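Open the structure in your viewer and get your selection tool ready. We will walk through it stop by stop, picking out a few pieces at a time.

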Amino acid sequence: MKGHIKVDYKKIAENLSALLVKGTFKTDVPLKKHTYTETGGVADFYVTVYDFEEASRVLEYSYNNRIPVTYLGNGSNIIIRDGGIRGIVLNMLKLDYIEVDADVLTVGSGCAIIDASNFARDHSLSGLEFACGIPGSVGGAVYMNAGAYGGEVKDCLLEVTVLDESGKKIVLQNGELELGYRKSVVQQNDYVVVEAKFALSTGNKGDIQAVMDDLTERRERRQPLEYPSCGSVFQRPPGNFAGKLIQDAGLQGHRIGGVEVSKKHAGFMVNVDNGSASDYEELIKHVQDKVFNEFGVWLNREVRIIGEPVYRRSKRYEQ
């Protein structure tokens, strides 16, 4: 939320204690423990909710008091700056339920999309095979219309329940979500995903498993899974591939601080030696500039970068 004001740190803690029933909160939490890059500063308040009602109450409270809220899922396709995040970081990973009714899968936003894919397979439902290796939450997958190996969330998403910044519940159908390449209305309006429903089709469990095995083998063979990373860094430029452009620019293995362009797949940047978020940002900018100078193609980021630069860490709230 823009234009937030100074808020009493102790008072927020008291109010959160009153708002949360099952949920919990901690202060000054190092976010590097909650991201796949293993980088990032601290969150002022790290709030874990266990149900829709708690999430709604926290959002309503933060909206009325002009306290910024940042939603954080599995932290798989995100870089959190070294100065951390002011206000509230909302963790909804405890909303990890999965239910099935005929060929419709209803999934809490905190569930790992991989678990949803496995659950669908176990119930002989096809349509989520592409997600068997995507290391994010269902909420994050909907937020960015995640995809891999020719499949995308939009191909099987039926509807999604979200909360707006005031905590109001909204149900959106697939056609209302404006799902495109790594974008959605959820992203544009800063909604918080609570639940998603996927419309799948009945299939053969063995055939579904065979597809997932093939995709897993391809992923393990091509991607640098042995190091912390933020996943695919850049969007695919029209008519080309980010990894190939980066490789052709001679940047594979290029390193800034503890972060380098993967030698296994140039579309990834890996934390090889206690790298920082600043290292990631500098390397991303260097790669963008070099590829543009060499080929005239600007690489747009797929990875989200959020939070404060380290020099702003002391500013809990802006005025």
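## Stop 1: a small bridge

Select I256 and V259: V259, in strand 17, is the bridge partner of I256. Before going further, keep in mind that this is a predicted model. Now widen the selection to the whole of strand 16 and strand 17 (residues 259-261), which pair in the antiparallel sense over two bridges.

Add the neighbours, and you will have an open sheet of four strands, in the order 15-18-17-16, with antiparallel pairing. Which strands are at the edges? They are strand 15 (229-232) and strand 16 (255-256), each of which pairs on one side only.

## Stop 2: three annotated residues

Stay with strand 15 and pick S232, which is found in that strand. In an unreviewed entry, UniProt lists R182, S232 and E302 under "active site". Show these residues together: they are spread over 121 residues of sequence, yet they cluster in space, with a largest C-alpha distance of 11.6 Å.

## Stop 3: the annotated domain

Next, colour residues 39-203. The unreviewed UniProt entry annotates this stretch as "domain: FAD-binding PCMH-type". Over residues 39-203 the chain is 21% helix and 35% strand. Mark the C-alpha atoms at the two ends of the stretch, and you will find them 41 Å apart.

## Stop 4: a mixed sheet

Now select strands 1, 2, 5 and 3. In that order they form an open sheet of four strands, this time with mixed pairing. Strand 1 (24-30) and strand 3 (69-72) stand at the edges, and each has a single partner strand, so one side of each is left without a neighbour in the sheet. Turn the view to follow the twist, which averages 30° from one strand to the next.

A general reminder helps here: strands of a sheet pair through backbone hydrogen bonds, either parallel or antiparallel. Zoom in on strand 2 (residues 42-48) and strand 5 (residues 85-91). How many bridges join them? There are five, and the two strands run parallel. For one pair to click on, try V47 and its bridge partner L90 in strand 5.

## Stop 5: two helices on the sheet

Keep that sheet visible and add helix 1, which packs on the sheet and touches strand 1, strand 2 and strand 5. The direction of helix 1 makes about 15° with that of strand 2. Then show helix 2, which lies across strand 2, strand 3 and strand 5 and runs at about 160° to strand 5.

Now hide the strands and compare the helices. The axes of helix 1 (residues 9-19) and helix 2 (residues 52-64) come within 10 Å and cross at roughly 150°. The two helices are therefore roughly antiparallel to each other, and helix 1 passes helix 2 in a right-handed crossing. To see the contact, display K11, I12, N15 and L19 of helix 1 with R57, V58 and Y61 of helix 2. By class, this contact has four nonpolar, one polar and two charged residues.

## Stop 6: another helix pair

For the last stop, select helix 3 (residues 113-122) and helix 6 (residues 205-222). They pack at an angle of about 150°, and their axes are 9 Å apart. Helix 3 and helix 6 are therefore roughly antiparallel to each other.

Which residues meet here? From helix 3 come S117, N118, R121 and D122, and from helix 6 come K205, I208, Q209 and M212. Sorted by class, the contact of helix 3 with helix 6 has two nonpolar, three polar and three charged residues.

How values were computed:
Residues are numbered from 1 along each chain as its sequence is written. This is a predicted model: local features need pLDDT of at least 70, side-chain atom pairs count only at pLDDT 80 or more; totals for chains, interfaces and linings use all residues. Side-chain values use heavy atoms; hydrogens and water are left out. Axes are lines fitted to C-alpha atoms, for helices over the stretch in contact, and angles run from 0 to 180 degrees between N-to-C directions. Angles under 35 degrees count as roughly parallel, over 145 as roughly antiparallel, 65 to 115 as roughly perpendicular and the rest as oblique. Contact means heavy atoms within 4.5 Å. Ala, Val, Leu, Ile, Met, Phe, Trp, Tyr, Cys and Pro count as nonpolar, Asp, Glu, Lys and Arg as charged, and the others, Gly among them, as polar. UniProt positions are given in the numbering used here, feature names are shortened, and annotations may be inferred rather than shown by experiment. A crossing is left-handed if the near helix is turned anticlockwise from the far one by less than a right angle, and right-handed if clockwise. Two strands pair if DSSP finds at least two bridges between them.
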